[in-house]
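Open the model in your viewer and keep the selection panel at hand. The stops below follow one another, each with something to select and a note on what is there.

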Amino acid sequence: MKTFTKHTFKAALLAGAVVSCAAFAEDVSALLKAADQFRLASENMQVETQITTFNRDGSKEKERRYMVFSQAKHQSLVLMQSPAEAGQKVLMLGDDFWMLLPGSQRPLRITPMQKLLGDASIGDIATMSWAQDYEGRLIAEEACEAQICLHLSLAASRKGSAYQRIELWLGKKRHEPIKAELYVQSDKLAKRASFIMDKAAVPTLVTEMVLLDQLSSHKETRVHYLSRKPRTVPEQWLNPMFLAKNPALE
């Protein structure tokens with residue numbers, strides 16, 4: 001009877017731990033979905049994006065515009081709109097990325113870490129859902145940027161994720177993204193990101209993501225979200241062989 005009671009007690013502790021871990025994981029998933037809403041309001045979105053790079057003295061270096069069609073099931077199409085890159089496209093289907101160049105009918109395989117401009121990579125604008133791409137745990141409540149934040153540690157759940165690990169801080173009350181540390185596959189800190197909201201007191205949208213390189217240039221790159229609206233693109237727009245024919249996409 002004494003042995004049975006001991007085993008029962010251990011089993012109860014183990015069961016409690018399992019339930020606690022499951023509830024904890026569910027909480028993190030809910031936090032990430034809430035944070036995603038500040039960048040994408042629905043699964044299928046059209047996001048007009050401007051990327052600007054700055055020199056160390058703060059002067060503007062380059063500026064480019066992109067139209068991003070972020071679609072459900074890990075699919076995105078990026079149209080480059082500045083004259084220097086006109087006609088170029090990037091297609092993401094799950095873990096596969098292609099670059100399509102005007103005048104060429106051969107899609108080129110690329111990685112999510114391929115640079116677009118400055119320190120902004122393909123993955124920085126083509127993949128915008130933490131909830132779909134990462135799993136994680138809540139580390140602690142911490143003071144950050146003059147408020148109390150929730151510190152999450154995230155690990156990539158699929159190989160097409162732009163970063164293998166992200167340390168993410170969310171506002172405790174509304175779960176808006178505040179800042180992040182972005183780590184590459186070697187677990188080196190590649191970039192620090194901060195998120196600028198539309199309204200400081202009652203934020204509803206991320207208007208800008210500021211990236212600071214930590215590996216080489218130490219320059220600043222700003223990803224400005226100019227407009228967003230729900231849009232589902234035709235299925236053929238997500239076919240690399242169709243895009244290789246350089247069709248007009250309206």
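Begin with the largest nonpolar core of this predicted model. It has 45 residues, and the members that touch the most others are Ile51, Tyr66, Ile125, Trp130, Ile166, Leu168 and Val223. Select residues 2–36 as well: this is helix H1, which gives the most to the core, with four residues.

Next, centre on Ile125 and show its surroundings. Leaving out neighbours within four places in sequence, Ile125 is in contact with Thr49, Ile51, Tyr66, Val68, Val78, Leu116 and Val223. A second core, separate from this one, has 13 residues, including Leu77, Trp98, Leu238 and Ala244.

**Aromatic pairs**

Turn to the rings. Two aromatic pairs are counted in the model. Select Phe69 and Trp237: the planes of their rings stand at 75° and the centres are 5.6 Å apart, so this pair is edge-to-face. Phe69 belongs to strand S2 (residues 60–71), while Trp237 is in the loop between strand S15 (220–230) and helix H4 (240–243). The two are 168 residues apart, and the pair links distant parts of the chain. Both Phe69 and Trp237 are buried.

Now select Trp130 and Phe195, an edge-to-face pair with 5.8 Å from centre to centre and 90° between the planes. Trp130 is in helix H3 (residues 130–133) and Phe195 in strand S13 (residues 189–197), 65 residues apart. Trp130 has a relative accessible area of 5% and Phe195 one of 9%. Burial requires a value under 20%, so Trp130 counts as buried, and so does Phe195.

**Charges over rings**

Stay on Trp130 and add Arg39. Arg39 lies over the face of Trp130, at 3.9 Å from the ring centre. Then move to Trp169 and add Lys179, which lies over the face of that ring at 4.8 Å from its centre.

**A lysine to inspect**

Select Lys89 in strand S4 (residues 89–93). Is Lys89 buried or exposed? Its relative accessible area is 7%, so Lys89 is buried. A polar atom of its side chain lies 3.3 Å from the backbone oxygen of Gly87. Show the residues around Lys89, not counting those up to four places away in sequence: it touches Leu77, Val78, Leu79, Trp98, Met99, Leu100, Leu243, Asn246, Pro247 and Leu249. Leu77 and Trp98 were already met as members of the second core.

**Two positive phi values**

Asn246, one of the residues that Lys89 touches, is the next selection. Asn246 is in the segment after H4, and its phi is near 55°, a positive value in a residue other than glycine. Asn246 is partly exposed, at 31% relative accessibility.

Then go to Lys73, in the loop between S2 and strand S3 (75–80). Phi of Lys73 is also positive, near 65°. With a relative accessible area of 70%, Lys73 is exposed. Most residues other than glycine have a negative phi.

**The whole chain**

Finally, clear the selection and zoom out. The chain has four helices and 15 strands. Of its 250 residues, 44% are buried. Among contacts with a separation of 6 or more, 45% are between residues 24 or more positions apart. Switch on the surface to end the tour: the chain exposes about 13100 Å², and carbon and sulfur atoms supply 54% of that area.

Conventions. Residues numbered from 1 in each chain as written. Predicted model: local features only at pLDDT ≥ 70, side-chain atom pairs only at ≥ 80, totals over all residues. Heavy atoms only, no water. Core = buried A, V, L, I, M, F, W, Y, C linked by side-chain atoms within 4.5 Å. Buried < 20%, exposed > 50% of the residue type's maximum accessible area, 1.4 Å probe, protein only. Contact = heavy atoms within 4.5 Å. Phe/Tyr/Trp six-rings, centres within 6.5 Å; stacked < 30°, edge-to-face > 60°. Lys NZ or Arg CZ within 6 Å of the ring centre and 35° of its normal. Polar contact = N/O pair within 3.5 Å; in protein donor to acceptor, adjacent residues only side chain to side chain. Areas by Shrake-Rupley, 256 points an atom, 1.4 Å probe, with all protein chains shown as cover.
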